[in-house]
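Work through the exercises below with the structure open. Each one gives a task and then a stepwise solution.

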Amino acid sequence: MTAVAGSRPWNAFLQALVLISLSFPTLSTAYRAGDIVRMSKMGQYHSSRTTWHDVIGKHCPIFAVNREVLIPIAKPIGYTGTDPYKIKFQIGSEKFLIHWLLVINRKSSEVPMIDVNLRYSGGDLLGVTAQVTDMPHSCT
């Protein structure tokens, strides 16, 4: 009888601990300013596509921070410079998809820049948009 009576506070403590731990996944999915937002990329040259590759953290978007990064792009096998090269991205754990962006062999001879905008509210990532533009001359 004393073992059962003595275990009641322990059971209440364990139940509280379980309830608290169940609430952590919902808290951890929210982004905070300065968090790295995961990003993967895929390339296409001719009709050949690469697999998805994770982008290193220093090249990824930072939540609620406006910044510029240079992302290295591997030279495709058989690259001649005359055919287009496209790239696509997946952003965040939600895997928002940025469709194919033409980065090489565009109509412009300027260096391409991909402008990615994260739409968010509070700590939630709501969407992503991107477009290829010419890099401003002040950056080159």
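**Exercise 1.** Characterise the second largest pocket of this predicted model by volume, lining and residue class.

Solution.
- Step 1: the volume of the second largest pocket is about 300 Å³.
- Step 2: 16 residues line the second largest pocket, and those nearest its centre are Gly43, Thr50, Ala74, Pro76 and Tyr85.
- Step 3: at least two lining residues each come from β1 (39-45) and β4. The largest share, five residues, belongs to β1.
- Step 4: sorted by class, the lining of the second largest pocket holds nine nonpolar, five polar and two charged residues.

**Exercise 2.** Repeat the analysis for the largest pocket.

Solution.
- Step 1: the largest pocket contains about 940 Å³ of space.
- Step 2: its lining has 31 residues, and Glu68, Val69, Ile114, Asp115 and Val116 are the closest to the centre.
- Step 3: the elements that contribute two or more lining residues are β4 (85-91), β5 and β6. With eight residues, β6 has the largest share of this lining.
- Step 4: the lining of the largest pocket consists of 25 nonpolar, three polar and three charged residues.

**Exercise 3.** Which residues of the largest nonpolar core touch the most other members, and which strand gives the most to this core?

Solution.
- Step 1: the core has 17 residues, and the ones that touch the most other members are Val37, Met39, Phe89, Ile91, Ile98, Leu118 and Leu125.
- Step 2: β1, β4, β5 and β7 each give at least two residues to this core.
- Step 3: β4 gives the most, four residues.
- Step 4: take isoleucine 98 as an example and set aside its neighbours within four places in sequence; the residues in contact with it are then Lys88, Phe89, Ile91, Val116, Val128 and Ala130.

**Exercise 4.** Find the salt bridges, using a cut-off of 4 Å between a side-chain nitrogen of Lys or Arg and a carboxyl oxygen of Asp or Glu. Classify each partner as buried, partly exposed or exposed.

Solution.
- Step 1: the rule yields two salt bridges.
- Step 2: one of them joins aspartate 134 and arginine 106, with 2.7 Å between the closest N and O atoms. Aspartate 134 belongs to strand β7 (residues 124-134) and arginine 106 to the loop between β5 (96-104) and β6 (112-121), so this pair ties together parts that lie 28 residues apart in sequence.
- Step 3: buried means under 20% relative accessible area. Arginine 106, at 17%, is therefore buried, while aspartate 134, at 36%, is partly exposed.
- Step 4: a salt bridge also links the side chains of arginine 32 and aspartate 35, at 4.0 Å from N to O.
- Step 5: exposed means over 50%. Arginine 32 has a relative accessible area of 62% and so is exposed, whereas aspartate 35, at 23%, is partly exposed.

**Exercise 5.** Examine the positive phi values of histidine 46 and lysine 95, and give the location and accessibility of each residue.

Solution.
- Step 1: histidine 46 is a residue other than glycine, and its phi is near 55°. Histidine 46 sits in the loop between β1 and β2 (48-49).
- Step 2: the relative accessibility of histidine 46 is 49%, so this residue counts as partly exposed.
- Step 3: lysine 95, also not a glycine, has a positive phi of about 60°. The loop between β4 and β5 holds lysine 95.
- Step 4: with a relative accessible area of 52%, lysine 95 is exposed.

Key:
Residues numbered from 1 in each chain as written. Predicted model: local features only at pLDDT ≥ 70, side-chain atom pairs only at ≥ 80, totals over all residues. Heavy atoms only, no water. Buried < 20%, exposed > 50% of the residue type's maximum accessible area, 1.4 Å probe, protein only. 1 Å grid on protein atoms, 1.4 Å probe; cavity = no way out; pocket = protein on both sides within 12 Å on 5 of 7 lines; lining within 4 Å. Points joined across faces, edges and corners; volume = space filled by probe spheres on them. Nonpolar A, V, L, I, M, F, W, Y, C, P; charged D, E, K, R; others polar. Core = buried A, V, L, I, M, F, W, Y, C linked by side-chain atoms within 4.5 Å. Contact = heavy atoms within 4.5 Å.
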